[in-house]
Amino acid sequence: QRLGPVVAQEPGYTRARFALAQALEAEGRTAEAREEYRQAALLDPRSADVRYRLAGLEEKTGRTADAVQLYREALRIDPRHAPSHSALARLGAGGG
C-alpha cells in the first residue's frame with residue numbers, strides 16, 4: 001500500500017485519501033475504506049464523488065438507509081450527479 005505513507009505524511013491531501021479508500025475497498029478492507037472515505041468527505045465538503053463512493057460502500061454492506069442519505073448528499077452538492085440519480089432510482093428512493 002503505497003498511499004498509506006502519503007496520507008500519513010499529508011493527512012489533508014484529499015485525493016490521496018480518496019485513492020486509498022478505493023484501494024482499501026477493492027481489497028475488502030471495508031471498515032478502513034469507510035473511514036478514509038469519511039475523512040475525504042470532511043476534507044472536501046463539495047465532493048459529490050466522495051459521497052457517492054461512500055454511499056456505494058454502505059449499500060454493498062447492507063446499510064441502505066445510510067447509502068440513500070449519502071446519495072442525496074451528493075445530489076445536494078451536484079444536482080446533476082448522474083451516478084447518484086441512478087443509484088437512488090435503482091433503490092427506489094427517488095432523486096431527492
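User: Left-handed or right-handed: which is the crossing of H2 and H3?
Analyst: This is a predicted model, where local features need pLDDT of at least 70, side-chain atom pairs count only at pLDDT 80 or more, and totals for chains, interfaces and linings use all residues. Residues are numbered from 1 along each chain as its sequence is written, while side-chain values use heavy atoms, leaving out hydrogens and water. A crossing is left-handed if the near helix is turned anticlockwise from the far one by less than a right angle, and right-handed if clockwise. For H2 and H3, the crossing is left-handed.

User: How are H2 and H3 oriented to each other?
Analyst: Their axes (lines fitted to C-alpha atoms over the stretch in contact, with angles from 0 to 180 degrees between N-to-C directions) come within 8 Å and cross at roughly 160°. Angles under 35 degrees count as roughly parallel, over 145 as roughly antiparallel, 65 to 115 as roughly perpendicular and the rest as oblique. H2 and H3 are therefore roughly antiparallel.

User: Which residue classes make up the contact of H2 with H3, and how many of each?
Analyst: Contact means heavy atoms within 4.5 Å. Residues making this one include Phe 18, Leu 20 and Glu 25 of H2, and Glu 32, Tyr 37 and Leu 43 of H3. As for classes, Ala, Val, Leu, Ile, Met, Phe, Trp, Tyr, Cys and Pro count as nonpolar, Asp, Glu, Lys and Arg as charged, and the others, Gly among them, as polar. The split is eight nonpolar, three polar and four charged residues.

User: And H3 with H4, what is their orientation?
Analyst: The H3 and H4 axes come within 9 Å and cross at roughly 155°, in a left-handed crossing. Among the residues meeting there are Ala 33, Tyr 37 and Ala 40 in H3 and Val 50, Leu 54 and Leu 57 in H4. From the angle, H3 and H4 are roughly antiparallel.

User: What parts does the salt bridge of Arg 53 with Glu 25 tie together, and how many residues apart are they?
Analyst: A salt bridge is a side-chain nitrogen of Lys or Arg within 4 Å of a carboxyl oxygen of Asp or Glu, and for Arg 53 and Glu 25 the closest N and O atoms are 3.5 Å apart. Arg 53 lies in H4 and Glu 25 in H2, so the pair ties together parts that are 28 residues apart in sequence.

User: Buried or partly exposed: which is Arg 51, and which is its partner Glu 73?
Analyst: Glu 73 of H5 and Arg 51 of H4 meet in a salt bridge at 3.6 Å, N to O. Buried means under 20% relative accessible area, exposed over 50% and partly exposed in between (1.4 Å probe, protein chains only). At 8%, Arg 51 is buried, whereas Glu 73, at 24%, is partly exposed.

User: Which residues do shared salt-bridge partners join into one network?
Analyst: The structure holds 10 salt bridges, including one between Glu 32 and Arg 29 at 2.8 Å. Some of them share partners, and these form one network of Arg 34, Arg 38, Glu 58 and Arg 63.

User: Stepping back, how many helices and strands does the protein chain have?
Analyst: Helices (H or I, at least four residues) and strands (E, at least two) are DSSP runs, numbered from the N terminus. The elements run α-α-α-α-α-α from that end. The count is six helices and zero strands.
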